[in-house]
Amino acid sequence: MLAKNSAVRRSAIAACAAVALVAAACSDDGGNNANDSKTANASGWVTWGYDVERNGVNPNESTIGVDNVGKLRQAWSVDLGGHINTAAMVANGVRAKGVTADVAYVGTEHGGFFAIDIKDGRILWKKQFPTQRIECAESPDGIFGISAAAAIDPSDKRVYVATVDGRIHALDLATGAEEPGWPVVAAEDPKTDFVWGAPTLWKGQLYVGTASHCEIGPHEGRVLSIDTATATKSHVFWVTGPGPPIGGSVWGWGGVSVDPKTGDVFAASGPAKNFPENVPYGDHVLRLTADLQLRAAHAPPVPPGLFDDDFGSTPVLFQRKGCPPQLAVMRKHGTLYLYDRDSIAKGPSQTVSMSGSPYQFIGLPAFWPAENLLYVANPSPGADENYTHGMVAFGLGSNCRLKLAWQQTAGRNDTVNSTPTIANGVVYYGDGTGNQIHAFDAKSGKPLWSSPPNDLQDAAFTAPVVVNGTLLQGSWDNHLHAYRP
């Protein structure tokens, strides 16, 4: 799917992680939820998008903010020996090699997986996993190793890693040693079947979506769950059914999202290799139960003249006071959809045409609950040029609909961007092949900072992570970069 315009945009990438949190003060079950997605500050940044709703907000960052983000300077960068398509996940207070450190976990497409002290960039341990050479432009040199971001379980002191040979590994946070009973096979045919999006950990189940390499077939996309206590696969949902037609990749960098109130799982799918391409559940927004039974689905119509028009996104879940539970999801041809989560089958409640670059409008929006603002990193203006390339912010009004709040032209036009990240009043994104990170006042849109042009020597597709006073950014220049005021 993502390779359709690879010569222009070089690739869409990165993914990240899973949730298992130690506190439970905000849980919906009387405080007994050990995986509460709103208490991640005790653990670091342990799942892609910070929480299982994939909002992209760190509500606990207090060091870097509007007043000092303009003073960010590169504190260190470390060469990891391969291009990076995964956002860094961070676990706080890990005891490793005789020291207690906040540790970033990141993989490369050359199969390396690293534990890095975020204080100084020191590599605490490394694991080497298999690689494959595949004719697919999602990797600049055709080598694939680790494409999905990791998922951290601080309570069990584990990090979960998806590798190109179709396996999910559970590693000790401090040493990298494989946990007993692992790895678990998630993708049976690694030549055509792999994990692109981040695993999502919720209440002892690790949810994993599978995709193809550049739609190389035969491939049958699915969402599966793994019981982390027993290291066994527990449930599976086949996007196009366990048989013809093939297709139905789950491409979103955030994998799947989870509603912490209901435990329902949300995904968006790629096309069936069929005409029409939206059968049975290709090109759909999907709501599944915790045991992966279909609850609701919808496929928006394909605009005339387009084909292979699917979702390269994970639904982002949110709810404004006075509004029904909603989700936002991006579709490749350039449209942002807003759905009421309890009535998905009725279709979107709002459709916003944003981008004029088919196949580049991928990734996720980000939602800031404190201000009811939704952010989209837009790769290019649409035909009507209502929305610039760069950062676009929508307010979610009391009428439960999106309205433009502000927008800022930034970065390079006509390139896939990273997913936005919000922390302490600042919204960030990486501008893809522009090789820079940009930061804006999240309320007003005022530009506050851009990384110096020579810091990143190649593309920034992975979502920035802002945690513990440090901004972490992986790049196709093989480096993990760290910034501090």
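What follows is a walk through this structure, from its overall build to its cores, disulfides, cavities and a few single residues. The model is predicted.

Start with the whole chain. The protein chain has 1 helix and 36 strands. Its C-alpha atoms fill a box of roughly 60 × 50 × 50 Å along the principal axes. The chain counts 485 residues, and 65% of them are buried. Sequence-distant contacts are well represented. Take the contacts between residues at least 6 apart in sequence: 57% of these join residues at least 24 apart.

Now look inside. The largest nonpolar core has 71 residues. Y105, F113, L336, F394, L472 and L480 have the most contacts inside this core. A second core, separate from the largest, has 16 residues. Among its members are W182, V184, L201 and L206.

L480 repays a closer look. Set aside its neighbours within four places in sequence. L480 is then in contact with W76, S77, V78, L80, I84 and A88. Its other contacts are V106, I116, L472, Q473 and G474. One of these partners, L472, is itself on the list of residues with the most contacts inside the largest core.

Turn next to the covalent links. A disulfide is a covalent bond between the sulfur atoms of two cysteines. This structure holds 2 of them. With the bonded cysteines numbered in sequence order, the pairing reads 1-2, 3-4.

C136 and C214 make up one disulfide, with sulfur atoms 1.9 Å apart. The torsion about their S-S bond is about 80°, so this disulfide is right-handed. C136 sits in the loop between β8 (132-133) and β9 (143-144). C214 sits in the loop between β15 (205-209) and β16 (222-227). The pair therefore ties together parts that are 78 residues apart in sequence. Why do both cysteines count as buried? The cut-off is under 20% relative accessible area. C136 has 5% relative accessibility, so C136 counts as buried. C214 has 18%, so C214 counts as buried too.

C323 and C400 form the other disulfide, and their sulfur atoms are 2.2 Å apart. The angle about this S-S bond is -100°, and the link is left-handed. This pair also links distant parts of the chain, 77 residues apart. C323 lies in the loop between β22 (316-318) and β23 (326-331). C400 lies in the loop between β28 (390-396) and β29 (402-409). Both C323 and C400 are buried.

Enclosed space comes next. Rolling a probe the size of a water molecule over the atoms shows where empty space is left. How many cavities of 30 Å³ or more does the structure hold? There are 2.

The largest cavity has a volume of about 80 Å³. Its lining is made of 13 residues, and S212, E215, G247, S249 and K273 are the closest to its centre. By class, the lining has 5 nonpolar, 6 polar and 2 charged residues.

The second largest cavity has a volume of about 60 Å³. It too is lined by 13 residues. W45, W48, G49, T421 and A463 are the closest to its centre. Here the lining has 9 nonpolar and 4 polar residues, and no charged residues.

Two single residues round off the tour. P154 is found in the loop between β10 (151-153) and β11 (158-162). Is this loop residue buried or exposed? The relative accessible area of P154 is 16%, so P154 is buried. P154 and D193 are 39 residues apart in sequence. In space they are 29 Å apart, C-alpha to C-alpha.

H298 lies in strand β21, which covers residues 294-298. H298 has 15% relative accessibility and so counts as buried. What does H298 touch, leaving out residues up to four places away in sequence? D283, H284 and V285 are among its contacts. So are Y339, I344, A345, K346, G347 and P348. L373 is 75 residues from H298 in sequence, and the two C-alpha atoms are 25 Å apart in space.

Conventions. Residues numbered from 1 in each chain as written. Predicted model: local features only at pLDDT ≥ 70, side-chain atom pairs only at ≥ 80, totals over all residues. Heavy atoms only, no water. Core = buried A, V, L, I, M, F, W, Y, C linked by side-chain atoms within 4.5 Å. Buried < 20%, exposed > 50% of the residue type's maximum accessible area, 1.4 Å probe, protein only. Contact = heavy atoms within 4.5 Å. Disulfide = S-S within 2.5 Å. Helix = DSSP H or I, 4+ residues; strand = E, 2+ residues; numbered from the N terminus. 1 Å grid on protein atoms, 1.4 Å probe; cavity = no way out; pocket = protein on both sides within 12 Å on 5 of 7 lines; lining within 4 Å. Points joined across faces, edges and corners; volume = space filled by probe spheres on them. Nonpolar A, V, L, I, M, F, W, Y, C, P; charged D, E, K, R; others polar.
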